[in-house]
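Biologist: Please take a close look at the largest nonpolar core of this protein. I would like to know what it is built from and what surrounds it.

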Amino acid sequence: MAKVTLESSIFQAVILHLDMDAFFASVEQADHPELQGLPVIIGQSLRGVVTTASYAARHYGVHSAMPIAQAKKLCPQAVFLPGRMNRYRQVSSHVMKIIMEHCPVVEQASIDEAYADITGTTRSLGTPTALAQRLKQTIKKSTGLTCSIGIAPNKFLAKIASAWHKPDGLTIIDPDTVPQFLDNLPLQKIPGVGQALLEELGHLGVKSIPDILTRPKDYWVQSLGKRGATLYERAQGIDHSPVIPESIPQSCSAEHTLDNDTLCRNELKHYLLLQAERVGSELRAMDKKGHTVTLKIKFSDFSTITRSKTMTKPTALTGEIYTIAYQLLLAQKLQQKVRLVGVAVSNFGADTLSLPLAVDSQRLRDEHLEQALDHIRGKFGNTSITRADTLSLRQNR
Ligand code: TTP
Ligand code: MG
């Protein structure tokens with residue numbers, strides 16, 4: 001472990017970056033224990049390149065993107081495998097789930113790496129160091145795999161930190177040590193500084209990160225445009241890019257437990273309209289349309305049924321969602337009283353069928369009308385404008 005002094009504070013972000021070690025090769029070793037400790041090289045074909053190599057193989061100079069033929073020369077005794085992408089995806093999902101269970105805000109960055117914003121979590125989750133150690137232990141116990149973690153005040157430093165002590169590393173860059181850390185960091189460690197930019201910088205007389213800071217920001221913007229502005233920020237240890245959690249909802253729903261169980265379809269119908277309004281406006285806010293509308297009914301004895309209809313054309317229109325949900329309700333026998341009713345729209349996708357212009361223009365008008373209603377509700381509150389049908393329900397809630 002490099003340094004263990006970082007504590008989260010309100011003012012300073014704390015970002016964790018986790019990257020699995022020799023991921024594809026390690027999965028093969030975990031699944032085939034007889035391969036543990038051996039040089040294992042993953043590559044599609046004999047004429048292709050190395051996808052990854054176990055650390056034992058790396059000792060012989062084998063690395064990603066090297067032609068397999070060359071890897072064979074360097075390490076003829078290695079076990080060469082073509083790779084099993086489905087298995088790696090499966091393990092990846094499992095690892096990401098563990099990270100999400102341990103950290104509040106997680107962004108998956110590739111098949112084997114993720115960022116987590118753990119700012120201000122010391123009280124609830126323990127120190128960043130303790131959290132990272134717990135995460136490493138859980139992943140190891142659950143998958144047999146090791147990972148390396150970096151913790152720093154921002155994403156770019158956290159990524160550098162996670163690669164600092166691989167495999168099975170934990171490196172922490174304390175905010176106070178950032179300037180000193182950057183002074184000694186090779187230029188090409190800055191993400192985005194590849195061979196071409198390195199040469200360009202060489203022509204400008206820049207050999208180190210401190211060299212960048214001898215010239216003002218304007219100079220870099222003029223010389224390298226947007227890349228120059230970013231480079232100048234990184235050289236000072238600055239990176240404001242946020243950790244963006246991936247939360248792609250697969251469906252949108254609303255449901256309501258009635259005050260009194262009922263057999264009255266008219267009452268249920270009003271709730272369906274209210275829910276269709278909620279679901280519709282949420283879909284429109286997310287800019288999503290769904291092909292499938294589902295009606296959910298929970299009866300007095302708590303038994304639950306769902307009935308769905310899938311349409312060729314996806315919708316986010318309140319009227320359409322409501323009409324389908326109501327048709328589904330009408331088609332359903334109510335043998336006992338209803339306790340809960342709900343509407344969901346799922347199966348998101350793009351329009352697959354283009355309707356004749358006349359029909360489309362009607363739909364377009366409906367969409368514009370509902371967007372206008374959403375706008376008014378957004379500005380003046382949910383109850384500012386409403387369908388007459390749902391008014392009494394809103395007032396009763
Ligand atoms: P990396 O995290 O870059 O590499 P790694 O996990 O194998 O090794 P390290 O310990 O250095 O992190 O990539 C993750 C997986 O992605 C890797 O196991 C194989 C795959 N991969 C490719 O398919 N193509 C590539 O060019 C690279 C670099 C990786
Ligand atoms: Mg990796």
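Modeller: In this predicted model, the largest nonpolar core has 33 residues, and those touching the most other members are Leu-16, Leu-18, Ile-99, Leu-135, Ile-139 and Ile-149. At least two residues each come from strands S1 (15–20), S2 (40–42), S6 (113–117), S7 (147–152) and S8 (170–172), and likewise from helices H1 (23–31), H4 (85–102) and H6 (128–143). H4 gives the most, with six residues. A second, separate core has 28 residues, among them Leu-268, Val-293, Phe-299 and Leu-329.

Leu-18 shows how the parts of the first core meet. Leaving aside residues up to four places away in sequence, Leu-18 touches Ile-99, Leu-135, Ile-139 and Ile-149, as well as Asp-112, Glu-113, Ala-114, Cys-147 and Ser-148.

One of these contacts of Leu-18, Asp-112, is also a donor of the magnesium ion (ligand 2). The protein donors are Asp-19 (OD), Met-20 (O) and Asp-112 (OD), at 2.0 to 2.2 Å from the ion. The spacing of the donor residues in sequence is D-M-x91-D. Distant parts of the chain are thus linked: Asp-19 belongs to strand S1, while Asp-112 is in the loop between strand S5 (105–110) and S6, 93 residues apart. The site has six donor atoms, with angles of 79 to 178° among them, and is octahedral. Both aspartates fall under the 20% cut-off for burial: Asp-19 counts as buried because its relative accessibility is 14%, and Asp-112 because its relative accessibility is 13%.

Helix H6 supplies at least two residues of the largest core and can be followed along its length. H6 has 16 residues and spans 22 Å from its first C-alpha to its last, close to the 22 Å expected at 1.5 Å a residue. Its buried residues are Pro-128, Thr-129, Leu-131, Ala-132, Leu-135, Lys-136, Ile-139 and Thr-143. These cover an arc of only 165° around the axis, so they are on the same side of H6. In general, an α-helix has 3.6 residues a turn, so residues three or four places apart point the same way. The buried residues of H6 pack against S1, H1, H4, helix H5 (122–125), S7 and S8. On the face turned away from the buried side are the exposed residues Gln-137 and Lys-141. After H6 comes Gly-144, with a positive phi near 80°.

Strand S8, one of the elements packed against by the buried residues of H6, contains Ile-172. Ile-172 is buried, because its relative accessible area is 3%, against a cut-off of 20%. Between Ile-172 and Leu-157, which are 15 residues apart in sequence, the C-alpha to C-alpha distance is 9.5 Å.

As for the protein as a whole, it has 16 helices and 12 strands. Of its 397 residues, 41% count as buried. Among contacts with a separation of 6 or more, 64% are between residues 24 or more positions apart.

Note on methods
Residues numbered from 1 in each chain as written. Chains lettered and ligands numbered in written order. Predicted model: local features only at pLDDT ≥ 70, side-chain atom pairs only at ≥ 80, totals over all residues. Heavy atoms only, no water. Core = buried A, V, L, I, M, F, W, Y, C linked by side-chain atoms within 4.5 Å. Buried < 20%, exposed > 50% of the residue type's maximum accessible area, 1.4 Å probe, protein only. Helix = DSSP H or I, 4+ residues; strand = E, 2+ residues; numbered from the N terminus. Contact = heavy atoms within 4.5 Å. Donors = N, O, S within 2.8 Å, 3.2 Å for Na, K, Ca; no water. Tetrahedral: all angles 85-135°; square planar, octahedral: opposite > 155°, others 65-115°. Expected span 1.5 Å × (residues − 1). Arc of directions from axis to C-beta.
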